[in-house]
Amino acid sequence: MISFYICHHITELGVFFMGKLYVVPTPVGNLEDMTFRAIRVLKEADLILAEDTRTSGILLKHYEIKNAMQSHHKFNEHKTVEGVVNRIKAGETVALKIMTEIDGENWIIKFPAHVDKKDVGKMEYDYSLCAKACGIVMSETRLFSSDICPGYFGTKRFDRRIEKNEIKRAHMLTAAALLELDFNQPSLDYHELMKLTKILTRDCTEDVENMYRRMCFNVFAHNRDDHSKNFTYIYNEKDDMWRLSPAYYLTYSNTYYGEHTTTVDGNGKNPGKKELVAVGVQAGMKKTYCERVAEEIRLCVNEKLEHYLK
């Protein structure tokens, strides 16, 4: 648990630092799925801590980042943490790439950025539970305890699987990569996402219906940062076909322009049941089914996430 150890070690010192420790999320499959902010932090860091320096080295080389990198994982953290803390105390900026192993499975654990509210982890966890209750396919999630906030959100990686005691990586692509879109700009409608899902999955009913549920959830749960990198497809080698990946990054969110990044039947400002049903019907689903699912998800979201939506 690399991040828990180092973060709590810093907290227990009870001192103020001039330096900074950044937890940097990195791609789970496609090297191009990096945010501008993450690249900037890595380029500006005096030291980059990585669980696997070989894998991280490929990422850094891709973005021409030549900053110092140090191995930091559960087997050496007790030896390295003191030196890292001393560097932070001295005013240096350290970037921590957090992916870890829990019960033999690969997990991602998220720590709040300085601009986040303290309950951001608890919120994303509650959203994940609500999404599952709404019939949306999700990877396993947990809320890890903390002494300084309601908890840290963690999710098991769906792009990794264990075969014959070896970790295998799944081949995956985001909608942004497939359609060559700038995910920072509103450039997609759910009509197009539904069509992409039908084509890639060979009109797999389960995946098409799950995309519809995600659209409804994002609208009713006020997840407006629903950009094209937040929809991913995984290649199933056994069946030789693409499948929609489990949902991720589901939480209350806004955009700087106040609308959904992915519009719903052309409406990004205030889409409702009318627009949701229109998208579903055009994708080939029955109107009665679309209306029923939309209403079920609306009621579920209002019941379980009401305190976040006020």
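What percentage of the contacts in the protein with a separation of 6 or more is accounted for by residues 24 or more positions apart? Such residues account for 68% of those contacts, and the legends below, which all describe a predicted model, turn from the whole chain to several close-up views.

**Figure 1. The whole protein, with its helices, strands and surface.** The secondary structure of this predicted model comes to eleven helices and 15 strands. The protein has 310 residues, of which 50% count as buried. About 16,100 Å² of the protein is exposed, and carbon and sulfur atoms supply 50% of that area.

**Figure 2. Helix 7 packed against helix 8.** Helix 7 runs over residues 190–200 and helix 8 over residues 205–220, and the two pack at an angle of about 160 degrees, with their axes 9 Å apart. Angles over 145 degrees count as roughly antiparallel, and helix 7 and helix 8 are therefore roughly antiparallel to each other. Helix 7 passes helix 8 in a right-handed crossing. On the side of helix 7, the residues that take part are Tyr190, Leu193, Met194, Thr197 and Lys198, and they meet Asp207, Val208, Met211, Tyr212, Met215 and Asn218 of helix 8. Sorted by class, this contact has seven nonpolar, two polar and two charged residues.

**Figure 3. Helix 8 beside helix 9.** The axes of helix 8 and helix 9 come within 11 Å and cross at roughly 170 degrees, which makes helix 8 roughly antiparallel to helix 9. Helix 8 contributes Tyr212, Met215, Cys216, Val219 and Phe220 to the contact, while helix 9 contributes Leu276, Val277, Val279 and Gly280. By class, the contact of helix 8 with helix 9 has eight nonpolar residues, one polar residue and no charged residues.

**Figure 4. The buried residues of helix 9 and what covers them.** Within helix 9, which spans residues 273–282, the residues Glu275, Leu276, Val277, Val279 and Gly280 are buried. The elements that cover these buried residues include helix 7, helix 8 and helix 10, the last of which spans residues 287–304. Just after helix 9, Gly284 takes a positive phi of about 105 degrees.

**Figure 5. Glu209 and its contacts with Met285 and Tyr289.** Glu209 is found in helix 8. The relative accessible area of Glu209 is 26%, so this residue is partly exposed. Once the neighbours within four places in sequence are left aside, Glu209 is in contact with Met285 and Tyr289. Glu209 and Tyr289 are 80 residues apart along the chain, and their C-alpha atoms are separated by 9.9 Å.

**Figure 6. Two loop residues, His222 and Asp240, with positive phi values.** Most residues other than glycine have a negative phi. His222, however, has a phi near 60 degrees, a positive value in a residue other than glycine, and Asp240 likewise has a positive phi, near 55 degrees. His222 is found in the loop between helix 8 and strand 13, a strand that covers residues 232–236, whereas the place of Asp240 is in the loop between strand 13 and strand 14, which covers residues 241–244. Is each of these residues buried or partly exposed? With a relative accessibility of 18%, His222 counts as buried, because buried means under 20%, while Asp240, with a relative accessible area of 43%, is partly exposed.

How values were computed
Residues numbered from 1 in each chain as written. Predicted model: local features only at pLDDT ≥ 70, side-chain atom pairs only at ≥ 80, totals over all residues. Heavy atoms only, no water. Axes fitted to C-alpha atoms, helices over the stretch in contact; angles between N-to-C directions. Helix = DSSP H or I, 4+ residues; strand = E, 2+ residues; numbered from the N terminus. Parallel < 35°, antiparallel > 145°, perpendicular 65-115°, else oblique. Left-handed = near helix turned anticlockwise from the far one by under 90°. Contact = heavy atoms within 4.5 Å. Nonpolar A, V, L, I, M, F, W, Y, C, P; charged D, E, K, R; others polar. Buried < 20%, exposed > 50% of the residue type's maximum accessible area, 1.4 Å probe, protein only. Areas by Shrake-Rupley, 256 points an atom, 1.4 Å probe, with all protein chains shown as cover.
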